[in-house]
Amino acid sequence: MDTASYDLLSTAVLMLDTEGSIRHANTAAEELFGLSRRLLSGRPVHELFGADSGLAERLPDALGGKFGILRQDLRIQRGVDHMAVGLALVPLHRQPWAALLEVRVLEHHLLLDRHRQLSKELKNQRESLRNLAHEVKNPLGGIRGAAQLLESELDDSDLHEYTQVIIAEADRLAALVDRLIAPQGGPLQKTRFNIHELCERVYTLVSIEFPGIDMVRDYDASVPDISGDFSRLLQALLNIVRNAAQALTEARMESTPRLVLRTRIGRQLLLAEHQAKLGIVVSVIDNGPGVPDDLRDKIFHPLVTGRASGTGLGLSLVQEFVQQHGGIVEFDSRPLHTEFRMILPLEQIG
Ligand SMILES: Nc1ncnc2c1ncn2[C@@H]1O[C@H](COP(=O)(O)OP(=O)(O)OP(=O)(O)O)[C@@H](O)[C@H]1O
Ligand SMILES: [Mg+2]
């Protein structure tokens, strides 16, 4: 790789000579240290990391290849702030430089860990809920059957009101149980399609269901085709758009309820397991009241709902389906502007 190619990397890279002095810094390194290439070059690299990093002492051996790749986490000063970074020093052989030092900002890793942790938690929760639902299903059938029998034996038709309540409530619970049990894990039925076919389906369905909402399509026609499970992604996007439409309908608003369905190509995307060079970002933006503050941290959890008639399964399913495609769902919300983004990685193209 020549030095210009290093400039394309988002990770800071410093090239070192046999003395451990900086010979070249890429653009990301200039940004990270807040110093120009000219000021960085010629400087002993350990100076950037302070004396207690112990780097000066370890450097000769590391450059000599004694540790293989030397990895070390430490804190560096940037302005008045400290920042956690992870170093990886890779000795090079028969190259113009003796070694390459990669410096990563650790917030990134922490974020990934948090994301992984959260999705593991959600997965466990969904599993326990499914188990519980299975347990509830059988006795529920019994209760309903018994209420029907009882009704047929009751002479006083006034009392039928009560048995009807039992039957109706048992049916409501059974519907919920069925949604919880519905298999969502099976292998993906992948086909190749354009994301806009999916968006158009959602657009049609939701504009019929919510005629009072001004739905705007803002597509980037250059978005390449994606390989995925059409029906699961359709369900995912539909759940997100329905939520937005419901939020708009239920709120008493002064401005016209408006929903934007937007597609864009995204670059250097931070996903759950890795960073993707290229992906599709589908945004659903509404000008409703916003996600209630007390729900913000948990709306992706199953059975969490802010609506009287909601079951709280919509977003949990979205999360599951999008994750099966290696993607993520995220949101920002404030009054009059809520944006849910479904980010799907694209395979390497070109
Ligand atoms: N665009 C939005 N604006 C405001 N609140 C939202 C929006 N999207 C989701 N929410 C909040 O998140 C909650 C959880 O959504 P989720 O889709 O998981 O469940 P639900 O819509 O309540 O029920 P279900 O989808 O199972 O019918 C909603 O009840 C609502 O309070
Ligand atoms: Mg919903």
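Which element gives the most residues to the shell around ligand 1? Keep that question in mind as we look at this predicted model. The answer is α8, with four residues.

## Around the ligand

Let us start with the ligand's surroundings. In total, 23 residues surround ligand 1. The closest of them are Thr305, Gly306, Gly310, Gly314 and Leu315. Two elements, α8 (230-250) and α9 (314-324), each give two or more residues to this shell.

You can also sort the shell by the class of its residues. Polar residues number 12, nonpolar ones nine, and charged ones two.

## Three domains and a shared boundary

Now step back to the whole protein. It is divided into domain 1, which covers 3-105, domain 2, which covers 110-181, and domain 3, which covers 190-345. Between the C-alpha centres of domain 2 and domain 3 there are 27 Å.

How many residues of domain 2 are in contact with domain 3? There are nine, and they are in contact with 10 residues of domain 3. On the domain 2 side, the elements that give two or more residues are α5 (107-153) and α6 (160-181). Helix α5 supplies the largest share of that side, seven residues. By class, the domain 2 side is evenly split: three residues are nonpolar, three are polar and three are charged.

## Alanine 168, on helix α6

Next, try finding a single residue in the structure. Alanine 168 is found in helix α6. Is alanine 168 buried or exposed? It counts as exposed because it has 12 C-beta neighbours inside 10 Å, and a residue with 12 or fewer falls in that class.

You can also compare positions in sequence and in space. Alanine 168 and threonine 263 are 95 residues apart in sequence, and their C-alpha atoms are 42 Å apart in space.

## Proline 91, at the end of strand β4

Our last stop is proline 91, in strand β4, which covers residues 81-91. Why does proline 91 count as buried? It has 20 C-beta neighbours inside 10 Å, and the class of buried residues begins at 20.

Which residues touch proline 91, leaving aside its neighbours within four places in sequence? Its contacts are Ala62, Leu63, Gly65, Ala98 and Ala99. Glutamate 161 is 70 residues from proline 91 in sequence, and the two are 81 Å apart in space, C-alpha to C-alpha.

Definitions and conventions:
Residues numbered from 1 in each chain as written. Chains lettered and ligands numbered in written order. Predicted model: local features only at pLDDT ≥ 70, side-chain atom pairs only at ≥ 80, totals over all residues. Domains from an automatic or database assignment. Contact = placed C-beta atoms within 7 Å. Nonpolar A, V, L, I, M, F, W, Y, C, P; charged D, E, K, R; others polar. Near = placed C-beta within 6 Å.
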